[in-house]
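Dear colleague,

Here is the structure I promised to pass on to you, together with my notes on what I found in it. Please read the notes with the model open beside them.

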Amino acid sequence: MYPPGCRVELEDMEADPYVKLSPGDLGTVQFVDDAGQIHVSWDCGHSLAMVFGVDHCRCVMREDRLQEILQRVQAMPFESLEKMELYITEKLSGAFPKISFQEREGQEVIADMGVAAFMKKDLGVAIQYEADSQQHIFIKKMEIQGQELERKNPFPVQKKR
């Protein structure tokens, strides 16, 4: 239910004097340990485990859900580039509130998610499009991009001598 890289939202947490997290804060799951604790890297800069049965968060975006949204978006025509960006922002800002867009040469836009997620650093979506004579936008290709993050074993096995 909480695969590494999925985006989560804090619902409730036992008070911790060293960490200032509030319900609604977003983060990215790093791993789930053997005790069922969900280790999260929070967007505010903290890293903290959610204790099973005590703290509560909910998954707001998994990679397969992002793929579904992108497939739907790719099938839609848009009146303008601005309307396409607004639509994508509306669909993804719940999980990626820092989403921004950068236009590139050759009818390409990069949607920068503003955080690492799905085991990718600098997560973004490359959007290639074409425009008709009335400047309507038709998406040709969408591709998730980012540097693969190394999956670290949170419990390294120590060799006996």
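Phe96 has a relative accessibility of 0% and therefore counts as buried, a term that here means under 20% relative accessible area, with exposed meaning over 50% and partly exposed the range in between (1.4 Å probe, protein chains only). This residue lies in the loop between H2 and E7, where helices (H or I, at least four residues) and strands (E, at least two) are DSSP runs numbered from the N terminus. Leaving out residues up to four places away in sequence, Phe96 touches Arg7, Met61, Met113, Val115, Ala117, Phe118 and Leu123, a contact being heavy atoms within 4.5 Å. Ala49, by comparison, is 47 residues from Phe96 in sequence and 21 Å from it in space, C-alpha to C-alpha.

Before going further, I should say that this is a predicted model, in which local features need pLDDT of at least 70 and side-chain atom pairs count only at pLDDT 80 or more, while totals for chains, interfaces and linings use all residues. Residues are numbered from 1 along each chain as its sequence is written, and side-chain values use heavy atoms, with hydrogens and water left out.

Phe96 also belongs, with Ile88 and Leu92, to the residues with the most contacts inside the largest nonpolar core, which has 28 residues; such a core is a set of buried Ala, Val, Leu, Ile, Met, Phe, Trp, Tyr and Cys residues joined through side-chain atoms within 4.5 Å. Two or more residues of this core come from each of helix H1 (63-74), helix H2 (81-92), strand E8 (108-112), strand E9 (120-131) and strand E10 (137-148). Once its neighbours within four places in sequence are set aside, Leu92 is in contact with Met61, Leu66, Ile69, Ile99 and Met113. A second core, separate from this one, has 14 residues, among them Val8, Val40, Trp42 and Met50.

As for the sheet, 5 strands form an open arrangement in the order E6-E10-E9-E8-E7 with antiparallel pairing, two strands being paired if DSSP finds at least two bridges between them. Strand E6 (77-78) and strand E7 (100-104) are at the edges and have a single partner strand each, so one side of each is left without a neighbour in the sheet. E7 is joined to E8 by 5 bridges, and E8 to E9 likewise by 5 bridges, whereas E9 and E10 pair over 10 bridges. One can follow a path across these strands: Ser100 has Asp112 in E8 as its bridge partner, Asp112 stands opposite Gly124 in E9, and Gly124 in turn has Gln145 in E10 as its bridge partner. The hairpin of E9 and E10 has 5 residues between the strands, and in it Gln135 takes a positive phi near 70 degrees. H1 lies across E6, E9 and E10, and runs at about 160 degrees to E10 (axes are lines fitted to C-alpha atoms, for helices over the stretch in contact, and angles run from 0 to 180 degrees between N-to-C directions).

For the chain as a whole, the secondary structure comes to 2 helices and 10 strands, which follow the pattern β-β-β-β-β-α-β-α-β-β-β-β along the sequence. Buried residues make up 36% of the 161 residues, and the C-alpha trace spans about 70 × 40 × 25 Å along its principal axes.

With best wishes
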